[in-house]
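The exercises below ask you to work through selected features of a structure, each followed by a solution that proceeds in steps. Please have the sequence and the coordinates at hand as you read.

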Amino acid sequence: MDPTFVQNLHSLLIQFTSNDTVQLKAATAQLNKEFYKNPQCIPALASIMASSPEQAVRQLAAVELRKRTIQASGDFWTQVDANSREEIKGKLPEIVLAESNNLVRHSIARVIAAIASVEIPLGHWPTLLPFLEQTCLSPQAAHREVGIYILFAVLENIVEGFESHLQTFFKLFGNLLNDPESVEVRITTVRALGVIAQYIDADDKADIKSFQELLPAMINVIGQSVESGNEAGARQLFDVFETLLILEIPLLSNHITPLAEFLLRCGANRNYDPELRVLALNALNWTVQYKKSKVQALGLAPAILEGLMPITTEEEPDDIDDDAPSRSALRIVDCLATSLPPGQVFPALSKLIRQYFTSSDPAQRRGAMLALGVSVEGCSEYMTPLMGEVWPMIEAGLQDSDATVRKASCVAVSCLCEWLEEECAAKHAFLVPTMMQLVNDPVTQRPACTALDALLEIMHEVIDQYLNLIMERLVGLLDTAPLAVKSVVIGAIGSAAHASKEKFLPYFQPTMDRFKHFLVLTGEGEEQELRGITMDAVGTFAEAVGKQHFAPYFNDMMGQAFNGIELGSARLRECSFLFFGVMSRVFGDDFAPYLPTVVPALIQSCKQAEHGEEESLTFQNPDFAANFATGLTPSSAIKVSDELVNIDEDDGTDLDKLLDVNSTICIEKEIAADTIGVLFAHTKGHFLPYVEQCTVTLVELLSHYYDGIRKSATDSLLEIVRSFYELSDPQEWQPGLHGYPPLNPRVKELVNVSLPPLLEMYETEDNKKVVSSLCVGLAETITKIGPAFVENRIELIAKIAIQVLEQKAICQQDPDQDEAEEAPEDSAEYDSILISSAGDLVAALATALGPDFVSGYEKFAPLITKYYKKNRSLSDRSSAIGTLSEIIGGMKSAVTPYTQELIDLFYRALSDEEPEVQCNAAFATGLLIEYSNVDLSPQYLTILGALRPIFEVPADAPAAKLNARDNAVGAVARMIVKNTAALPLDQVLPVFLSALPLRNDYLENRPVFRAVFHLFNTQPAVLHPHLDKLLHVFAFVLDPTGPDQVGDEIRAEVINLIGLLNREEPGKVQAAGLTAFVPGQ
């Protein structure tokens, strides 16, 4: 080795460590040009690392040596002559043990790991492992620290060469976890075990057992770090456990209870540092989410909730972005509610809520209200019949003497309005005046406005009685409220417009005048947020008042939206994109001139880089990378690939900054992708020049790490396919595998470009909302395009539905559940949404294939009917019967062989306690009678008996009961048409006609009027006693001021029938107000 080369390199490294920028740049250029391209820099750096008197230079030499060693996948290292390589490897153990500085020791350890990553796969360096084992057992704590750290660093780089040594490592680590002197040894041992865990195979039962035996000691090490306030160590250890939680190998399965208890204890201990408590609670949150089947099977929810409730009473920081134990605790309540069956969560939680709400301590009452609010999302269906117990607490909370309780109650109302619309809208007489009072109070103003916003969104029919008061009060706040409150006020005004529709017209122009100056704000933060929300509200106004009234503002507002794009704010671009979507819906063809400007902006947004991509990071699991920045996933799930970026733990790199993912840009992209589909759907042929580029862009987004973007890309891709098909002048198709018209070649090409990537995405998709959206989108597309869409892909599409219904899709998998084990029947409400979506997909296949769906029925029927059991949720039961009804509608007479098994199931469903299920059962029964070739008339009286209670509905009954009655009427109508003689018409007709006119489900007017026309044609005498009633029904459905209830064909037949009746009973026709409909009048 040339001493001059070494000396010059040493001098440049000294220059590199200076604070002089000019010297630094010069040294960097010379190092890269003259030294780092020469393999001889490796032994030179090793020499400097061992002998330089300057600590900073030794540190830099170690960092650079590691980089050079792995350069070109280790080729640079192998270019060094063998003797020099052996000399370096031989001296490294001595160098690292002699090094006095901990930072430099760690960097040298990473050099050893880097060399090992090249040498060990080649079968070289046999002395390394014995040296490490010997050092880890050294009587000197400092040597043990070095030994375990090197072993940890080596394992991070390469495990493949050490599989046969795992049992030796477990034994060694068992001792090190209980190191009597060094906390660093204990912490690094846990980290090393975290690395090994990722390489244990599911079949390695001995390794799994050995690892599990070390878990109690690993948990103890976390406890020691938290108790001593060692935040850096605790973060590393919690990272390890979060990694263990997400692994597919169930290493933690037998320790979930003690782990949950430990994390809850740490999170609840107010003597610990708040940041460490948050870490513990976040780990508990991931325990619930990733080990939910174990948490469910062990029934841990009540104990966890009991431990969380005291934490919810702690103070919250003022800044909404700051974390605190109380917020972490509420996140876990939310996670329990959305991840577990509500029956395991809400009974225990409601008991605690009642207990805390009756406390004299306002902090406990506040915690009770917040816990109630966050639980609604996952328990809304379960809560509905229990709302009688909830409302008194809400009403008391909104009028509590303590402002923090009133604010928390407003938060609870916001959540209830989002998930329990009917129940909240029915409480308008109390909620609106109460919210208006709280809006007047500066202390509760902001949360009260947010709650009012959520309430107004759902009021619809009853809002007009409050509209003047609401607008007067809210518009007044635009002058006096702080910026942050103004944003919420404007959102509430937008919701008022949404609910009141055309009744908002008197307030439209004055409000637009008030909004103008908000639309030109450019300041960052609150100003841009206010501008964005104002733009959202203006879009809502346009939909409320309609095209004609909004037209004078259209061009100016589009200009403001374009200006918002230019300001460099992801939030404003998002709002502009949403606005474009709304304008396309309102203006249709008139929006077309803006497409050449709007579409490129959307594509540019979809293609833009997110923060962090400039550093060319790659992630082993990019889905976790997406969530990292938002705290939605364990940080340890992310690994940075060494091939692209060399990050030294100790070289000063800000790893958090490198890994930061800009979530606002992700949301912007999500909206942009969604808007593309909306624009095509409403501008139709004008959008054709952009179809190809948009399709390519959306296909690229299907592999994005952020689930919201994948969902939007899925929705828009399928919307593009449907819209393109509509514009191709398609022939009408008939159900079946054969004989359907071929697709237009360009449509077929589009399907071939779009559908395979969607099916490929499903194969690895782990997000339930994305899979649900895919199922619904595929169902809509199949229903529109028919069998040509599924040509050659029926099995692949059917597989999606089969796997979801069997609960074996990737997004439903739980590593702690045996593959052969049946999924638990009691599931979270969110899971029911996915099952319902799969049912939609099955129904669409039946619609497209018709009589050729017989083999599909035999496969799917058992999977669907298992969801109709008493212990299944309302959603599951309702969805199962609804899906079967649509299958019958698709198969028609081909359903005949399965008639009796279906009618037997429908009898049970007709007596279900829930009207939603009765509704679907009545519809399904009617369709089965209509389409089956089996003569069901011998069972008519039994069917009538099952339907009769559904007719008994008071006028003010909930919508679900009114819907059920309409469907029961439709079922009877189908019975009349199928076999009139089998019915006791003298008893049936009075009940049948008393339920007319239909008020909710107008689609059932088709069978109803078919039955009426059938009776007039075959047995008119039976209807004469009911003529007045029938004429009243005719007048109702023909009312030109109401919605279309019957369609053109039935309307024409009704008018023709009125003409015939006018010849016999002109007085009655005139009395019913139908003279205007008599032909020739």
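Helices here are DSSP runs of H or I with at least four residues, numbered from the N terminus. The model is a predicted one.

**Exercise 1. Locate the cis peptide bond that precedes Pro 997, and place Pro 997 among the helices.**

Step one is to inspect omega, which is about -5° for the bond between Leu 996 and Pro 997, a cis peptide bond. Step two is to place the residue: Pro 997 belongs to the loop between helix H48 (985–994) and helix H49 (1005–1018). As background, most peptide bonds are trans, and most residues other than glycine have a negative phi.

**Exercise 2. Examine the backbone at Ala 72 and Lys 892, and decide how accessible each residue is.**

Begin with Ala 72, whose phi is near 55°, a positive value in a residue other than glycine. Ala 72 sits in the loop between H4 and helix H5 (75–78), and because its relative accessible area is 49%, Ala 72 counts as partly exposed. Turn next to Lys 892, where phi is likewise positive, near 55°. Lys 892 is placed in the loop between helix H43 (874–891) and helix H44 (899–910), and its relative accessible area of 39% makes Lys 892 partly exposed.

**Exercise 3. Classify the ring pair of Phe 170 and Phe 211, then that of Phe 554 and Phe 587.**

A search of the whole structure yields 27 aromatic pairs. For Phe 170 and Phe 211, the ring centres are 6.3 Å apart and the planes stand at 85°, so this pair is edge-to-face, given that planes over 60 degrees apart fall in that class. Because Phe 170 lies in helix H10 (residues 166–176) and Phe 211 in helix H12 (residues 205–228), the pair ties together parts that are 41 residues apart in sequence. Phe 170 is buried, at 4% relative accessibility, and Phe 211 is buried too, at 0%.

For Phe 554 and Phe 587, the ring centres are 3.9 Å apart with planes at 5°, so the pair is stacked. The first ring belongs to helix H30 (residues 547–566) and the second to helix H31 (residues 570–587), so that parts 33 residues apart in sequence are tied together. Phe 554 is buried at 6% relative accessible area, and Phe 587 is buried at 5%.

**Exercise 4. Determine how H31 is oriented to H35, and how H3 is oriented to H4.**

The axes of H31 and helix H35 (residues 663–683) are 9 Å apart, at an angle of about 15°; H31 and H35 are therefore roughly parallel. The crossing of H31 and H35 is left-handed, and the residues that meet include Phe 577 and Leu 578 in H31 and Ile 667 and Ile 671 in H35.

The axes of helix H3 (residues 41–51) and helix H4 (residues 55–70) come within 8 Å and cross at roughly 150°, from which it follows that H3 and H4 are roughly antiparallel. This crossing of H3 and H4 is also left-handed. Among the residues in contact are Leu 45 and Met 49 in H3, and Leu 65 and Arg 68 in H4. The charged end of Arg 68 also sits over the ring of Tyr 36, 4.2 Å from its centre.

Key: Residues are numbered from 1 along each chain as its sequence is written. This is a predicted model: local features need pLDDT of at least 70, side-chain atom pairs count only at pLDDT 80 or more; totals for chains, interfaces and linings use all residues. Side-chain values use heavy atoms; hydrogens and water are left out. Rings of Phe, Tyr and Trp (its six-membered ring) pair if their centres lie within 6.5 Å; planes under 30 degrees apart count as stacked, over 60 as edge-to-face and the rest as tilted. Helices (H or I, at least four residues) and strands (E, at least two) are DSSP runs, numbered from the N terminus. Buried means under 20% relative accessible area, exposed over 50%, partly exposed in between (1.4 Å probe, protein chains only). A charge sits over a ring if NZ of Lys or CZ of Arg is within 6 Å of the ring centre and within 35 degrees of the ring normal. Axes are lines fitted to C-alpha atoms, for helices over the stretch in contact, and angles run from 0 to 180 degrees between N-to-C directions. Angles under 35 degrees count as roughly parallel, over 145 as roughly antiparallel, 65 to 115 as roughly perpendicular and the rest as oblique. A crossing is left-handed if the near helix is turned anticlockwise from the far one by less than a right angle, and right-handed if clockwise. Contact means heavy atoms within 4.5 Å.
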